[in-house]
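Here are some notes to go with the model, written as numbered points so that you can take them one at a time. I hope they are handy while you have the viewer open.

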Amino acid sequence: MGKYFGTDGFRGEANVGLTVRHAYKVGRFLGWYYGREHKARIIIGKDTRRSSYMFEYSLVAGLTASGADAYLLHVTSTPSVSYVVRTEGFDCGIMISASHNPFYDNGIKVINAGGYKLEPETEAKIEEYLDREEDDLPLATKENIGKTIDYVLGRNRYLGYLISLATRSFKNMKVGIDCANGSAHQIANAVYSALGARTFVINAEPDGTNINNNCGSTHIEGLQRFVVDNGLDVGFAFDGDADRCMAVDEKGNVVDGDRILYVCGKYLKDKGELHGNKVVTTVMSNIGLYKAFDNIGIGYDKTDVGDKYVSEDMVKNGYSLGGEQSGHIIFSKYATTGDGVLTSLKVMEAMLESKCSLSELQNGLKIYPQVLINVKVSDKDKALNDADVLAARKEVEAELADNGRVLLRKSGTEPLIRVMVEAETDAKAKEMAKKIADAVEKCK
């Protein structure tokens, strides 16, 4: 990760860690970089945060000052920007969003012409320019100054694409939708209504400050109650920029990314569409998922945490399904990035084609209780390699044997060691995690 760009773009508190000057300079660089041999065309989308409008205008000022034409999708999802970039010949796309973070944070995600996250080498060039005191990039003049184009048409084309992917009508299906007061409020209900579902929508009244506030994929308890209270067939919750999806089955149980990978992996395997007979996961996926995959003959890869790494593995090996426990799910046949609404449509497809409820589709999957403890340390590498920490880990792994798992990893952004333990019972997982965390604590 660079100084400004992490695994999911340039993120920070609006006008504190990420300022309008940063946004202007990102626009200046991208407009110049992609416009060296032709007039650059760059598409911009944003979520519903109050600061998203401010950053949109700053980016547009930078882009047009460098001679690029800026096309505005307005409030939309990250996957819609990715779709429009790759299908309509744009040089790159920009999404203004901090995903599942609170409203006062924001971010700038840059998407390349292929619809994937920007290459690290290009991000490094942007960072080098951001740190320059002198703005030495040429300014466009006269007829070469860029213009701004309202491009809501692009979002509508994306909606049409999602609707076209459904294999059956959703008629008579009662579907709950939690839009997180974010980007999904412009997309999810329109798609489900067009497909004939009876939709029950919550958290679809954004005011600029309520995005992700006790709602959406990171606060799914509200949707759980809503599904049960209204007797719904299924519920789907999205995050702020709608690239994540978490589900709730008809009984009110949470269906996280691991469970979605199991349901969709098994469904694709049965259809003969699981390329390489493998699903790409991250190291945070539950041991129960791997045991279930073993039982039904599905292989798996494990990557570092981050949908960026999942995507890279899928592209490299031609796999069709991958994702994270958090609900970032990638269906490579249909998208180049995680897409919450697309994920919900594929779950619906599995339900309708198999004529099973979502709870029934999870038969054969036992998720092990998982405990995560974050321990603050002064030296992350030293803590991970400490003799007492290694001894505690070895002792716990021996005690758990094949009925649990231990994962120790460094936080990428904070001075923390994350201690994760899975075991057959919650009490056992807590006991074992505390034993290792106590050893890490002594490394302060």
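1. A question to begin with: which residue in β11 does Phe238 stand opposite? The partner is Cys245. Please keep in mind throughout that this is a predicted model. The two strands involved, β10 and β11, are antiparallel and share 4 bridges. They make a hairpin with 6 residues between them, and Ala242 in the turn has a positive phi of about 60°.

2. That hairpin belongs to an open sheet of 5 strands, ordered β9-β8-β10-β11-β12, with mixed pairing. The edge positions go to β9 (198-202) and β12 (254-255); each has a single partner strand, so one side of each is left without a neighbour in the sheet.

3. The parallel part of this sheet can be followed through β8 (residues 174-178). On one side, β8 pairs with β9 in the parallel sense over 5 bridges, and 4 bridges join β8 to β10, also parallel. Ile177 is a good residue to click on here: Ile177 stands opposite Val201 in β9, and its bridge partner in β10 is Phe236.

4. How many of the residues of β10 are buried? The count is 5 of 5, and the strand is mostly covered. In a regular strand the side chains alternate between the two faces of the sheet. For β10, Val234, Phe236 and Phe238 are on one side and Gly235 and Ala237 on the other, and all of these are buried.

5. Two helices lie across this sheet. Helix α7 (residues 221-229) lies across β8, β9, β10 (234-238), β11 (245-248) and β12, at about 160° to β10. Helix α11 (residues 340-354) lies across β8, β10 and β11, and runs at about 165° to β10.

6. Now for another sheet, also open, with 3 strands in the order β17-β19-β18 and antiparallel pairing. Here β17 and β18 stand at the edges with a single partner strand each, so one side of each has no neighbour in the sheet. From one strand to the next, the twist averages 15°.

7. The pairings in the 3-stranded sheet are easy to trace. β17 and β19 pair over 7 bridges in the antiparallel sense, with Val375 opposite Ile417 in β19. β18 (residues 404-410) and β19 (residues 416-423) are likewise antiparallel, over 7 bridges, and Arg405 stands opposite Glu422 in β19. Although β18 is an edge strand, 5 of its 7 residues are buried, so β18 is largely enclosed by the rest of the structure.

8. Helices lie across this sheet too. Helix α14 (residues 387-400) lies across β18 and β19, at about 155° to β18. Helix α15 (residues 426-441) lies across β17, β18 and β19, running at about 155° to β19.

9. Is Tyr368 buried or exposed? Tyr368 counts as buried, with 7% relative accessibility against a cut-off of under 20%. Tyr368 is in the loop between α12 (358-361) and β17 (370-376). Beyond its neighbours within four places in sequence, Tyr368 is in contact with Asn286, Ile287, Gly288, Lys291, Asn403, Glu422, Ala423 and Glu424. Glu422 is also the residue opposite Arg405. Tyr368 and Gly404 are 36 residues apart in sequence, with a C-alpha to C-alpha distance of 7.7 Å.

10. A backbone check may interest you. Most residues other than glycine have a negative phi, and most peptide bonds are trans. Ser99, in the loop between β5 (92-96) and β6 (105-112), has a positive phi of about 55° and is buried at 1% relative accessibility. Ala180, in the loop between β8 and α6 (188-194), has a positive phi near 60° and is buried with a relative accessible area of 0%.

11. Finally, a pocket to look at. The second largest pocket has a volume of about 190 Å³. Of its 15 lining residues, Tyr116, Lys117, Lys308, Ser311 and Glu312 are the closest to the centre. Which helix gives the most to the lining? That is α10 (residues 307-317), with 5 residues. By type, the lining divides into 5 nonpolar, 5 polar and 5 charged residues.

Definitions and conventions:
Residues numbered from 1 in each chain as written. Predicted model: local features only at pLDDT ≥ 70, side-chain atom pairs only at ≥ 80, totals over all residues. Heavy atoms only, no water. 1 Å grid on protein atoms, 1.4 Å probe; cavity = no way out; pocket = protein on both sides within 12 Å on 5 of 7 lines; lining within 4 Å. Points joined across faces, edges and corners; volume = space filled by probe spheres on them. Nonpolar A, V, L, I, M, F, W, Y, C, P; charged D, E, K, R; others polar. Pairing = 2+ DSSP bridges. Contact = heavy atoms within 4.5 Å. Axes fitted to C-alpha atoms, helices over the stretch in contact; angles between N-to-C directions. Buried < 20%, exposed > 50% of the residue type's maximum accessible area, 1.4 Å probe, protein only.
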